[in-house]
Each structure stands twice: as C-alpha cells, then as structure tokens.
Amino acid sequence: MQRIFRLYTDGMSYKSIAAQLTRDNVPCPSAHDAVRNPHRKKTAWQQGAVRAILINPRYTGYEIWNKQRREERRLDVDDVTLGHRTSMTHNPVEEWIRSNEPAHEAIISLNRFDTIQTLRRQRARNQGQQERAGKQGGRPYALHGRVRCSLCGRKMQPATIRNYVYYRCEFKDQEQALYPDLTHPRTVNLREDVVCRALDQWIARAFAPDRLTATLTHASAAASTAETHTPEQAQARQAVKDCERRLARYQAALEAGADPAVVTQWINTAQQDKEAAQKKLDSLPTLTRKKESPLDAQQIREITNSLGDIAQRIHTAGADQKGPLYAALDITISYEHTMRTATVRSRPSSPYRQWLCPRGDLNPHAR
C-alpha cells in the first residue's frame, strides 16, 4: 500500500502504477484475498483498484462515517402507487464524520493522505484543461468511433503519426493478463486514408448516375402514393398506446404490493378503454391518396446532373465533411489484423424496406 502512495507522489498515473505492480508480480487485491473476491480476475492490477486505494481514508487509521446517504425517488411522479426506488448517493467530503481517535493501525499519515488528495484534484483540473484544449483545436477523424478490432472487439482509437491518421488497438500487459488465451499483437494499426479510399470508391459506385436515376425513380414512385392517417385515426392510435402504458403501470403497482382489488378495477377500466379505442380504429377506413406527383425523367436527369462528379467530390472532401456522410450511412468497420482485411457494413439511419424473392435467391454465386 505504501508503495502505491509513493509511486503516485512521484508522478505516476493510475495506469502506470497498475502496470508496474503487475510487472513486479505484486498480488492484486483480488489475488491477495481470493476468498472475498471469487468473481474477480486475479492476474493483474487494474487502475480502478489503484484509485480506490488512493482515495480510501481508512488507510489513515481513522474510522469514517456518513460517506453515503440513502435516497428514495418515486418511480412515477404521476402514480404514487408504484412506490419508490432506493439508491445510495455519495456525500461531499466535507460532510464525512471522522473518529476522534485512530480505530486501527495506519498505513499512511493523515497529513500525507490530505496532500495526495490535493495532488489528485490538481491533476484532474490540469488533465481536464488539456482535454478541452485538444477537443477545440483537434484534428477531425473521418472514421472516429466506427472502427473495431475483430480480435478483442474494442474500438480502435485514432492517432496522427508522421502526418498520417492511424486507428490503433493497444493490447498492454494488463489486458494480456486478463485475457491469457487471446492472441493479440501489442499494437494493431490501420491507416485511415487506405480505408477511406476504398470506401469512397464504393460509395461513388453506389451513387453512380445510372444507379442514382433508378433509385430516384423508385423513391419518387413510392412517395407519390402513401398511406395517410386522418386525425381520428391518429387519435385512436394514441388512445390505444395510452391504455397500454396504463396497463403496464397498474401491473407494476400490483407487483409492488398495492391493493389487488383496487388495481384490478383499474386494469379492467383500462382494458375496456383499450378495446373501445381499438374498435374505433378498426372501424375507420384506411385512406390512400396522392401526396404529390412523381418526378418525370427530365426532373430526375436535372437532379443527377446538378450533383456533378460524385466520385471526385467525395475524393476531395475533407475528414470533417466525410464524417457526417459516414454517419448518415452508419458505416461500421471490423478490422481483421491477421488477414489484413477490413469488413465494412452500412446500415443507413433513414427507413428502408427489404423484400425477399418468393422464388428464393436467383443469383447465389454473387453473394
């Protein structure tokens, strides 16, 4: 314990201290007391354990009370019968109560402990200022948060190295100790420009003039005739949803110990209201009307010509412009390091429909 306090005072971070203790084969807390920690890994130190030790005031020898308080919050403000949810909340340090005399042997002096807490707060402020400065003037990354390592499943973090943007997955000693059966290089790198070049070519092919014309024709025809709902239908649908929410609340109140006779009456009333709303909805006719006339061939040709060379526009766009495009297409990338292969998936955020051919797959060799 004293070594942890000394290393932190010397300027080491939580992660560095954890890595140093793991390299020196110092048993971590779960390995030191395995009986009390059967559910935890016992092979490496974690930075969370280091932090927990540094902020624990009981190592000063004094007993501490009033570190937490119990709070009760209503599950539903509009429905008191659902009861409360009890949770524990941390109190400010100023409200802690410390024993007048030491209760057990101290590992660190009270003055040194207070000094370390002051040092922790100072480092936190400095780190927060650096992070905010980096976010304001940092370099944009087109694929930030969209690249994952297929070996460990974690997101690969962007970094600029020699004017090139890489996405990296670092597998350090702590991770290796936690996952001894996983074969993972110490660092996996993927260059952003290599992936974006192939990705932009695919997007340009998908939005080629012939494909774009077919897409616009199909979308225009689908939008010209759409099922619309009258205000009466919308009101009936909303009434059905409200009744379903009421039934869910009443069921929760019944499970929480409310009076069964009263709750049963509520449920019956809500069920009757739901049946009435559903009956009204079923009796209303479904209207189909044209919202607007479909685009003709000349209008579609003008739209495609106005877009120009999409491939060139995507190629010359910056990372700050490509990022929103990849987000709209919901691009996700899984990088397989051993095969040097990046698998790209696109799930557009806008609604789309998918039909299956009733005769099955007529072109299986193209899959």
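**Entry 1: Arg162**

I looked up Arg162 and found this residue in the loop between strand E6 (157-161) and strand E7 (164-170). The model I am reading is a predicted one. The phi of Arg162 is near 55 degrees, a positive value in a residue other than glycine. I noted this because most residues other than glycine have a negative phi. I then asked whether Arg162 is buried or exposed. Its relative accessibility is 74%, so Arg162 counts as exposed.

**Entry 2: Asn25**

I turned next to Asn25, which also has a positive phi, about 60 degrees, although it is not a glycine. Where does Asn25 lie? I located Asn25 in the loop between helix H2 (14-23) and helix H3 (29-32). With 67% relative accessibility, Asn25 counts as exposed, the cut-off being over 50%.

**Entry 3: the whole protein**

I recorded the overall figures. The protein has 367 residues, of which 25% count as buried. Its secondary structure comes to 13 helices and 12 strands. Among contacts with a separation of 6 or more, 59% are between residues 24 or more positions apart.

I also checked the confidence of the prediction. The average pLDDT of the protein is 78, and 76% of the residues score at least 70. Over residues 131-136 the pLDDT falls below 50, and I found 0 contacts for this stretch beyond near neighbours in sequence. For residues 351-356 the pLDDT stays under 50, and the model has 0 contacts for them beyond four places in sequence.

**Entry 4: helices H1 and H4**

I examined helix H1 (residues 2-9) and helix H4 (residues 47-54), whose axes come within 10 Å and cross at roughly 95 degrees. An angle from 65 to 115 degrees counts as roughly perpendicular, and H1 and H4 are therefore roughly perpendicular to each other.

Which residues make the contact? On H1, I listed Ile4, Phe5 and Tyr8; on H4, I listed Val50, Ile53 and Leu54. I sorted the residues of this contact by kind and obtained 6 nonpolar, no polar and no charged.

**Entry 5: aromatic pairs**

I searched for aromatic pairs and found that the structure holds 3. One of them joins Phe5 and Tyr59: the pair is edge-to-face, with 6.5 Å centre to centre and 75 degrees between the planes. This pair links distant parts of the chain, 54 residues apart, as Phe5 is in helix H1 and Tyr59 is in the loop between H4 and strand E1 (64-65). Are Phe5 and Tyr59 buried or exposed? I found both Phe5 and Tyr59 to be buried.

I then compared the rings of Tyr8 and Tyr14. Their centres are 5.7 Å apart and their planes are at 15 degrees, so this pair is stacked. The angle is under 30 degrees, the cut-off for a stacked pair. Tyr8 has 3% relative accessibility and so counts as buried.

**Entry 6: Ile314**

I ended with Ile314, which has its place in helix H12 (residues 310-316). Its relative accessible area is 10%, so Ile314 is buried, the cut-off being under 20%.

Which residues does Ile314 touch, not counting residues up to four places away in sequence? I noted Asp200, Ile203, Ala204 and Lys322. I also looked up Ile314 and Leu325, which are 11 residues apart in sequence; from C-alpha to C-alpha, they are 9.4 Å apart in space.

Conventions:
Residues are numbered from 1 along each chain as its sequence is written. This is a predicted model: local features need pLDDT of at least 70, side-chain atom pairs count only at pLDDT 80 or more; totals for chains, interfaces and linings use all residues. Side-chain values use heavy atoms; hydrogens and water are left out. pLDDT is the predictor's confidence in each residue, from 0 to 100. Contact means heavy atoms within 4.5 Å. Axes are lines fitted to C-alpha atoms, for helices over the stretch in contact, and angles run from 0 to 180 degrees between N-to-C directions. Helices (H or I, at least four residues) and strands (E, at least two) are DSSP runs, numbered from the N terminus. Angles under 35 degrees count as roughly parallel, over 145 as roughly antiparallel, 65 to 115 as roughly perpendicular and the rest as oblique. Ala, Val, Leu, Ile, Met, Phe, Trp, Tyr, Cys and Pro count as nonpolar, Asp, Glu, Lys and Arg as charged, and the others, Gly among them, as polar. Rings of Phe, Tyr and Trp (its six-membered ring) pair if their centres lie within 6.5 Å; planes under 30 degrees apart count as stacked, over 60 as edge-to-face and the rest as tilted. Buried means under 20% relative accessible area, exposed over 50%, partly exposed in between (1.4 Å probe, protein chains only).
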